[in-house]
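Hello,

Here is the structure you will be working with. Please open it first, then read my notes alongside.

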Amino acid sequence: MTTIDLENKFQQTIDNEEKIEPRDWMPDKYRKTLVRQMAQHAHSEIVGMLPEGNWITRAPSLRRKVALLAKVQDEAGHGLYLYSACETLGVKRDDMYAELHDGRAKYSSIFNYPTLSWADMGTIGWLVDGAAIMNQIPLCRCSYGPYARAMVRICKEESFHQRQGYDIMNVLCKGSEEQKAMAQDALNRWWWPSIMMFGPSDKDSTHTAQSMAWKIKRFTNDELRQKFVDVTVPQAEFIGLTVPDPDLKFNNETGHYDFGEIDWDEFWKVVKGYGPCNKERVDARRKAWDNGEWVREAAEVYAEKRAAKKSIAVL
């Protein structure tokens, strides 16, 4: 078969809503797009543990501490699922780590903001994980089989994280005036970064059109952003919080909320590595990698000893 025949067969498989599997033929650009997206997704899960991990020892009760610890553990698992999915395309995990540590790889811009209060844990769960769910549920129907299957479990756990976060905000809003003010302050700081999580506007997105054609993505950045706003604004109003957007209003004609202009200068600044916590996050990952070297070495020695024992037993 010619390359054109292979490409036509590949696209027909996708158009038929069938999955592409690791051993199937695929265009090099499709593979590169998947590796870029899945690696970025995996990095985001791992880096996303850092701002929440800072609050495990400061959680206000044992119940909240256990729930937050479980959530951070889930995020580590999500990262491992996604790194494994990347490996099905022939990418080495150590190479992905190296790209994160030296700044070549990207991760979600949202994790480059500081967590200043306990209410931030609620806001991250409610808004950040809520935005993640909005973006990730369609990925359960991604054309690449390993990615789609990994997302099924991830989305189930992210739903728990979102409910946990909203519960924290709800409890704070029912508490003292100071607690409600803390919740409002957290919403004020995290609202716009959460809106930015969906990526650049459709007119500035260089990957969306092709990813949609390959059914890696099912919705554009702006479509997902609008869905998120439509769902989240009533949730904020229900617990008595005000979304920090003076231009926000419901449009009866479109059936959607109109919202203000995003500060794209801030978005690109953070994406390019100049956000409030970019350096801190990458430094923390490098430190963890360096401190864990002895563990990796010990694991390799143990694996070699087990393999040697098995080979002797076979003889």
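**Salt bridges**

The count comes to 18 salt bridges. Keep in mind that this is a predicted model. Side chains of opposite charge can pair when their charged atoms come close.

Start with the pair Asp-120 and Arg-189. Their closest N and O atoms are 2.6 Å apart. This bridge links distant parts of the chain. Asp-120 sits in helix α6, residues 118-136. Arg-189 sits in helix α8, residues 177-196. The two are 69 residues apart. Is Asp-120 buried or exposed? Asp-120 counts as buried, because its relative accessibility is 0% and the cut-off for buried is under 20%. Arg-189 has a relative accessible area of 25%, so this residue is partly exposed.

Next, look at Asp-204 and Lys-203. They form a salt bridge too, with the closest N and O atoms 3.2 Å apart. Asp-204 is partly exposed, at 38% relative accessibility. Lys-203 is exposed, because its relative accessible area is 71% and exposed means over 50%.

Then take Glu-280 and Arg-281. Their side chains meet in a salt bridge at 3.4 Å, N to O. Glu-280 is partly exposed, with a relative accessible area of 45%. Arg-281 counts as buried, at 3% relative accessibility. There is also a network: salt bridges with shared partners join Glu-17, Lys-215 and Arg-218.

**The negative patch**

Now turn to the surface. Which residues gather in a patch of negative charge there? They are Asp-94, Asp-95, Glu-99, Asp-290, Glu-293, Glu-297, Glu-300 and Glu-304. Two elements each give two or more residues to this patch: α5 (93-101) and α13 (293-314). The largest share comes from α13, with four residues. Glu-293 lies in helix α13. Glu-293 has 42% relative accessibility, so this residue counts as partly exposed.

**The nonpolar core**

Go inside next. The largest nonpolar core has 49 residues. Which of them touch the most other members? They are Trp-126, Trp-191, Phe-228 and Leu-241. Several helices each supply at least two residues of this core: α4 (62-87), α6, α7 (145-173), α8, α10 (221-238) and α11 (264-271). Helix α6 gives the most, with nine residues. You have met α6 already, as the home of Asp-120. Helix α8, which holds Arg-189, is also on the list of suppliers.

**Two distances to check**

Sequence and space can be compared with two pairs. Find Arg-58 in the loop between α3 (49-53) and α4. Arg-58 is partly exposed, with 46% relative accessibility. How many residues separate Arg-58 and Trp-118 in sequence? They are 60 residues apart, and 8.1 Å apart in space, C-alpha to C-alpha.

Now try Glu-177, which is found in helix α8. Glu-177 is exposed, with a relative accessible area of 73%. Glu-177 and Gln-11 are 166 residues apart in sequence. In space they are 57 Å apart, C-alpha to C-alpha.

**Where to look first**

Begin with the bridge between Asp-120 and Arg-189. Move on to the core, with Trp-126 and Trp-191 among the residues that touch the most other members. Finish at the negative patch, where α13 gives four residues.

Best wishes

Definitions and conventions
Residues numbered from 1 in each chain as written. Predicted model: local features only at pLDDT ≥ 70, side-chain atom pairs only at ≥ 80, totals over all residues. Heavy atoms only, no water. Patch = residues over 30% accessible without salt bridge, like charges linked within 9 Å, V, L, I, M, F, W, Y side chains within 5 Å. Areas by Shrake-Rupley, 256 points an atom, 1.4 Å probe, with all protein chains shown as cover. Salt bridge = Lys/Arg side-chain N within 4 Å of Asp/Glu carboxyl O. Lys, Arg positive; Asp, Glu negative; His and termini not counted. Charge placed at Lys NZ, Arg CZ, Asp CG, Glu CD. Buried < 20%, exposed > 50% of the residue type's maximum accessible area, 1.4 Å probe, protein only. Core = buried A, V, L, I, M, F, W, Y, C linked by side-chain atoms within 4.5 Å.
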